[in-house]
Amino acid sequence: MLRFVAYPRIRADIQEVLIRNLDGIGHKQAELVTNWGRERMKNVRVVANNPLMVRCAKITKDDKDYPDVVQYLEVVKNEYGYKGVLISNDQGLVTVATSEEGVGIDISQMDYFKQAAEGKTFVSNVFPSEIPLTNEVGEKELGMPTMFVSTPLKDRDGVVVGVVAIRVDENALNDLMTSLHLGQTGETYLVNKDGYMVTESRFAAHLKEMGLVKRRCALELKLVNSETGELTTGAKQCVAGINGFDAKGYKDYSGLTVLGVWHWLPEFNLGVIAEIDRDEGYGPAYNLKYVVASVLLIIAFPIVIVAYIIGRKTSVPIIKLDEVAKKMASGDLTQRVDIKREDEIGELADSFNAMAKFLDQKTKDVVESEKRYRELVNSVKEGVYQSEPGAEGVFTVINKTGAEILGYGSPEEVVGTKVKNIYVDPEDRRRLCEKLEKDGIWREFISLCKRKNGESFYAERTSSLLRDEKGNPVAINGVFRDISERKKVEQEIAESEKKYRLMFNSLKEGVYQSEPEVDGAFLWINQAGAEILGYKSPEEVIGTKVKDIYVKSDDRVKVVEKLTKEGVWKGFVSFCKRKNGERFYMERTCNLITDEKGKTVRIDGIFRDVTERKELEMQLQESEKHHRLLLNSLKEGIYQCEPTEEGVFTWINKSGAELLGYSSPEEVIGTRVKDVYVNPDDRKELIEKLDREGVWRDFTSYCKKKDGERFISERTCNLVRDENGKPLRIEGVFRDITER
């Protein structure tokens, strides 16, 4: 009865308890890895959602914001314990990165770039690093196991303009896997789809002695049964996507027979395997087997007479063991066998109690791990929740931050309330459920919500639908945050941009920005500027080369050289052409914009069509030339001078210059008028007369030429004033009347 009834039942109970706890540990480790991965995905999305990041797709080291961006990425790296952070443009060229990464490298062929460029947040496989990283002994090593978490970088219109990627410290995964110790021989580790261990084994030192690994287990140790040359049973089932366990035992990568459970995580292409040596796991059962065999040999035939006494003495403790084993199998691991005997039954009881203590301790470790995970969830600044599926579902779990965002004092107040009641428009809950039913996940969904006191706020959330093995909805998991301040800033920026756009478009002058090179293109232009250049809209102009609007392309070279030298050029006129080839005169003012390091960034300018003014000026010049010829043909002297006693000639015709003994008008201009008088008081008398009456006709005075020769001058003068009556100049006509 002991061998064929009690022993199998006790062994089955022990196996059930052991596998159940082993499976619980494996499942808990799978949850920890999943939550760890999703936390990294959330962190990289937080970085990508920073409004400053969208500019990084085109940023260069010469940009003034570049140091601030690098400092921010360094803070993110150090705060979250990452190896590095990088940002690339949509072509896969890294534009900005932390010290661990390389600016300018091409990552376009990497899976994490391709997936993110398609709009997905992606967790890569563990792979050998493409750059040297600091290893466990503080040395730089190429090919270190590493992994990336990436997400798309989108502009305001939702267009992917680049990729944000974080290089995760793989030691974090190692710490998760080694946080639980399963006895002396048990361990949990991660395996990739190719069957390679991607975290470190507890027994790495022993594996190095065996020659199975040289440096480390990650990416170096393939989980192969040395006898068959194929993947171990656990690894083969796990990478095939089949979750399960093996309670009979199989050969592991080191040749030992182990018991194992495995869970495949399709979201990350990783599997969690928990194993313990079969001899340790079933040690109490094996001891029981040997004890039973020994007892059977002793009592086989010799003492038939005392069989009843010995049988009863033996069966009672076994029954107790059986009862305690059943209670333990039902989940009560506090049970112990109170048997104090110095025989095989006592040894069995001690072994059983040791096993129960071991399992109880492992269960407490799992509970403690779950507590740490709960504390971790409550420490994050975003709200984390779980609810029932469906529009009428209620909150089942929420962290402290989530409760505070919703205006409650504790998570317990929120649990049991309907989720749709937090929406200002309950239809948003229905739309969320329909989206999750269709796609399984909805990232960065923004809706207007309300707190317990009715105060409204904008919430951004990422939610996913959890299904059971039959595909039935079980729960909705999600992360949300209050983005009211960000929404307010976005609205203010949009309003400000709209106001300035309307202001610039209301101007009649063209306003533009361009690249600073000779071959530079238009970066921005207002509506008036586009129309002056013959285009219907600014969008048609942006991207065209500035030099193409000049009739003479050398004018662009002159502009760039002038701005490079002096920084600004005001009121210069050039001959330009419109889109249809029509030519016109353009007057503009430009200035060169540089960054804090003095590097040229762009050219800003304002311009107008001055063709009509230019043509008028040309007509005036022609008219002035005609009148000058007319005045120079007269025999009388005609002049203009300043309206003061000390005033100088400002203009004189050729006859006037010759009358004063000069060969040309240019020699006279700038000389003092009173110097032509023999008596300088005549000048003073003239000024006073003109100030009173404004004109003096046929005024005669004694004057002298350049060489001192004297002559009698007769003149008529008038004083010209501005609209306020202020004297501007004296105009006059004079002749030599000496002969007369």
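This report covers two open sheets, the helices that pack on them, and one buried serine.

## Model and conventions

The model is predicted: local features need pLDDT of at least 70, side-chain atom pairs count only at pLDDT 80 or more, and totals for chains, interfaces and linings use all residues. Residues are numbered from 1 along each chain as its sequence is written, and side-chain values use heavy atoms, with hydrogens and water left out.

Helices (H or I, at least four residues) and strands (E, at least two) are DSSP runs, numbered from the N terminus. Two strands pair if DSSP finds at least two bridges between them.

## Sheet β14-β13-β17-β16-β15

This open sheet has 5 strands in the order β14-β13-β17-β16-β15, with antiparallel pairing. Its edge strands are β14 (395–398) and β15 (441–450); each pairs on one side only. Neighbouring strands are turned by 30 degrees against each other on average, direction ignored. Axes here are lines fitted to C-alpha atoms, for helices over the stretch in contact, and angles run from 0 to 180 degrees between N-to-C directions.

Strands β16 (residues 456–467) and β17 (residues 473–482) run antiparallel and are joined by 9 bridges. Arg-467 has Pro-473 of β17 as its bridge partner. Helix α13 (residues 427–439) packs on the sheet and touches β13 (383–387), β15, β16 and β17. Contact means heavy atoms within 4.5 Å. The direction of α13 makes about 175 degrees with that of β15.

## Sheet β19-β18-β22-β21-β20

A further open sheet has 5 strands in the order β19-β18-β22-β21-β20, and the pairing is antiparallel. The edge strands are β19 (522–525) and β20, each pairing on one side only. The average turn between neighbouring strands of this sheet is 30 degrees, direction ignored. Helix α17 packs on the sheet, touching β18, β20, β21 and β22, and its direction makes about 175 degrees with that of β20.

Strands β20 (residues 568–577) and β21 (residues 583–594) run antiparallel, with 8 bridges between them. Two residues face partners in β21: Trp-569 stands opposite Cys-590, and Val-573 stands opposite Glu-587. β20 and β21 form a hairpin with 5 residues between them. In the turn, Gly-581 has a positive phi of about 95 degrees.

## Helix α17

Helix α17 (residues 554–566) has 13 residues. From first C-alpha to last it reaches 18 Å, close to the 18 Å expected at 1.5 Å a residue; the expected span is 1.5 Å times one less than the number of residues. Its buried residues (under 20% relative accessible area; exposed is over 50%, partly exposed in between; 1.4 Å probe, protein chains only) are Asp-555, Arg-556, Val-559, Val-560 and Leu-563. They cover an arc of only 140 degrees around the axis, which puts them on the same side of α17. The arc is that of the directions from the helix axis to the C-beta atoms.

These buried residues pack against β18 (510–514), β20, β21 and β22 (600–609). The face turned away from them carries the exposed residues Asp-554, Glu-561, Thr-564 and Lys-565. Just after α17, Gly-567 takes a positive phi of about 90 degrees.

## Helix α21 and Ser-713

Helix α21 (residues 681–693) has 13 residues and reaches 18 Å from its first C-alpha to its last. Its buried residues are Asp-682, Arg-683, Leu-686, Ile-687, Lys-689 and Leu-690. They fall within an arc of 165 degrees, so they line one face of the helix. Their cover includes β23 (637–641), β25 (695–704), β26 (710–721) and β27 (727–736). Gly-694 follows α21, with a positive phi near 85 degrees.

Ser-713 is found in strand β26. It counts as buried, at 1% relative accessibility. Not counting residues up to four places away in sequence, Ser-713 touches Phe-699, Thr-700, Ser-701, Cys-703, Phe-734 and Arg-735.
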